[in-house]
Amino acid sequence: MSQWKQIQQLEIRLLEHVDYLYDDNFPMDIRQGLSSWIETQDWDTAANEESMAGVLFTNLLSQLDRVRSQEQNFLQRHNMKIIQQQLQVKYTSNPTVMARVISTCLREERRILSSAYMQEQVCRLFLRGKVPPVPS
């Protein structure tokens, strides 16, 4: 299961942590719309290599074009166009910043998922120890 799908299944209090990750630097609409593509790219390397960051930035814009052209909802198409323009203004001259932002968001998502998994495991162990044996 993709990381983004796992994120969407978290409890509300953990989703609030995810909500803090996304802003104008990397809108959640883009994370949602390009989730599979985003998760297959090497953002960590691109954050340190200008040429790779430039390629990923160009590809991200192309992916946005593709998703936007397939979007049926006029308002969503419009919003995606505005977001794309904002990203172009913000990152065209320095795509490594965009790569760092995305890399950080993905890493924080993994941290949140790991924390949720650990909490779930602790709860299971606690319940196992507290559940009285079934009488025979």
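What follows is a short dialogue on aromatic pairs and the largest pocket in this predicted model.

Me: What describes a pair of aromatic rings?

Reply: Two things: the distance of the ring centres and the angle of the planes. This structure holds three aromatic pairs. Take Trp4 and Tyr22: their planes sit at 85° with the centres 6.0 Å apart, so we call that pair edge-to-face.

Me: Where along the chain do Trp4 and Tyr22 sit?

Reply: In distant parts, 18 residues apart. Trp4 belongs to helix 1 (residues 3-8), while Tyr22 is in the loop between helix 2 (12-21) and helix 3 (28-33).

Me: And how is the pair of Tyr22 and Phe26 arranged, in distance and angle?

Reply: That one is tilted, with 50° between the planes and 5.6 Å centre to centre. Put the ring pairs together and Trp4, Tyr22 and Phe26 are linked into a cluster.

Me: Are Trp4 and Tyr22 buried or exposed?

Reply: Trp4 and Tyr22 are both buried, and Phe26 is buried too.

Me: Now pockets. What shows where empty space is left?

Reply: You roll a probe the size of a water molecule over the atoms. Here, the largest pocket has about 240 Å³ of space.

Me: Which elements give two or more residues to its lining?

Reply: Helix 2 and helix 8 (95-130). Helix 8 gives the most, with five residues. Among the lining residues are Met1, Gln6, Arg13, Leu14, Leu113, Tyr117 and Glu120.

Me: How many of the lining residues are nonpolar, polar and charged?

Reply: Six are nonpolar, three polar and three charged.

Methods. Residues numbered from 1 in each chain as written. Predicted model: local features only at pLDDT ≥ 70, side-chain atom pairs only at ≥ 80, totals over all residues. Heavy atoms only, no water. Phe/Tyr/Trp six-rings, centres within 6.5 Å; stacked < 30°, edge-to-face > 60°. Helix = DSSP H or I, 4+ residues; strand = E, 2+ residues; numbered from the N terminus. Buried < 20%, exposed > 50% of the residue type's maximum accessible area, 1.4 Å probe, protein only. 1 Å grid on protein atoms, 1.4 Å probe; cavity = no way out; pocket = protein on both sides within 12 Å on 5 of 7 lines; lining within 4 Å. Points joined across faces, edges and corners; volume = space filled by probe spheres on them. Nonpolar A, V, L, I, M, F, W, Y, C, P; charged D, E, K, R; others polar.
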